[in-house]
Amino acid sequence: EKGKQWELAAALLGQMPSLRVEADDISCNSAASACEKSGAWEAALGTLRRMHMLKLRLGQVSVGAAVSAIAKGSKWWLALLLLVGSVSSKVRPDAISASAAISACEKRSCWAQATELLGMIIQSQMELDAVCFNAAIS
């Protein structure tokens, strides 16, 4: 994850099977986090796909990293889909993921989607912080 070398992280994750090393949620979360830090949203989604293929449980870290990477790529609608989809698949996103998705909507002037997402998050009883509200207000 250090040095924002997402390409190396993704390559190492891809090479693990040929080296007879089994990828786990920790290695996948690390790769997703490296992608997030660089805004490599396509690679972050690829990591989620790999986790699904390996039947690894998606969690807050992997989903949060992908949502944040997508938001950095200004793909607000994709960030929203992933966040909403993760809630329906019983992954409880955290306030950071929610803030990233709301902020992605806000940056594209999608105020209705941002406030609708905030309302949905409130109904889900997710723990929120001031950043979520600030992202929706701005």
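These are my notebook entries on several helices and two single residues in a predicted model.

**Entry 1: helix α2 against helix α3**

I began with helix α2, residues 25–38, and looked up how its axis runs relative to that of helix α3, residues 41–53. The two axes come within 8 Å and cross at roughly 165 degrees, and since angles over 145 degrees count as roughly antiparallel, I noted α2 and α3 as roughly antiparallel to each other. I also recorded that α2 passes α3 in a left-handed crossing. On the α2 side I listed Asp25, Cys28, Asn29, Ala31, Ala32 and Cys35, which meet Ala43, Ala44, Thr47 and Met51 of α3. Sorted by class, this contact of α2 with α3 has seven nonpolar, two polar and one charged residues.

**Entry 2: helix α3 against helix α4**

I then turned to the packing of α3 with α4, where the axes are 8 Å apart and the angle is about 155 degrees. With the same cut-off of 145 degrees for roughly antiparallel, α3 and α4 are therefore roughly antiparallel as well, and their crossing is left-handed. From α3 the contact takes Trp41, Ala44, Leu45, Leu48 and Met51, and from α4 it takes Ser62, Val63, Ala66, Ala69 and Ile70. By class I wrote down nine nonpolar residues, one polar and no charged for the contact of α3 with α4. Going back over the two lists, I saw that Ala44 and Met51 of α3 appear in the contact with α2 and also in the contact with α4.

**Entry 3: helix α4 by itself**

For helix α4, residues 60–72, I checked the length: its 13 residues should span 18 Å at 1.5 Å a residue, and the end C-alpha atoms are 18 Å apart, which agrees. I noted that α4 is mostly covered, with ten of its 13 residues buried; the buried residues are Ser62, Val63, Gly64, Ala65, Ala66, Val67, Ser68, Ala69, Ile70 and Ala71. After α4 comes serine 74, and I recorded its phi as positive, near 60 degrees.

**Entry 4: glutamate 36**

Is glutamate 36 buried or exposed? I found a relative accessibility of 14% for this residue of α2, and because buried means under 20%, glutamate 36 counts as buried. Leaving aside neighbours within four places in sequence, I listed its contacts as Ala65, Ser68, Ala69 and Lys72. Of these partners, Ala65, Ser68 and Ala69 are among the buried residues of α4.

**Entry 5: helix α6**

I ran the length check on helix α6, residues 95–107, and its 13 residues reach 18 Å from the first C-alpha to the last, close to the 18 Å expected. Helix α6 is mostly covered, with eleven of its 13 residues buried, among them Ile102, Cys105 and Glu106. Serine 109 follows α6, and I wrote down a positive phi near 60 degrees for serine 109.

**Entry 6: alanine 114**

My last entry concerns alanine 114 in helix α7, residues 111–123. Its relative accessibility is 1%, so alanine 114 counts as buried. Which residues does alanine 114 contact once its neighbours within four places in sequence are left aside? I found Ile102 and Cys105, both of which are listed as buried in α6. I also looked up the separation of alanine 114 from leucine 80, which is 34 residues away along the chain, and their C-alpha atoms are separated by 9.0 Å.

Terms used: Residues are numbered from 1 along each chain as its sequence is written. This is a predicted model: local features need pLDDT of at least 70, side-chain atom pairs count only at pLDDT 80 or more; totals for chains, interfaces and linings use all residues. Side-chain values use heavy atoms; hydrogens and water are left out. Helices (H or I, at least four residues) and strands (E, at least two) are DSSP runs, numbered from the N terminus. Buried means under 20% relative accessible area, exposed over 50%, partly exposed in between (1.4 Å probe, protein chains only). Contact means heavy atoms within 4.5 Å. Axes are lines fitted to C-alpha atoms, for helices over the stretch in contact, and angles run from 0 to 180 degrees between N-to-C directions. Angles under 35 degrees count as roughly parallel, over 145 as roughly antiparallel, 65 to 115 as roughly perpendicular and the rest as oblique. A crossing is left-handed if the near helix is turned anticlockwise from the far one by less than a right angle, and right-handed if clockwise. Ala, Val, Leu, Ile, Met, Phe, Trp, Tyr, Cys and Pro count as nonpolar, Asp, Glu, Lys and Arg as charged, and the others, Gly among them, as polar. The expected span of a helix is 1.5 Å times one less than its number of residues.
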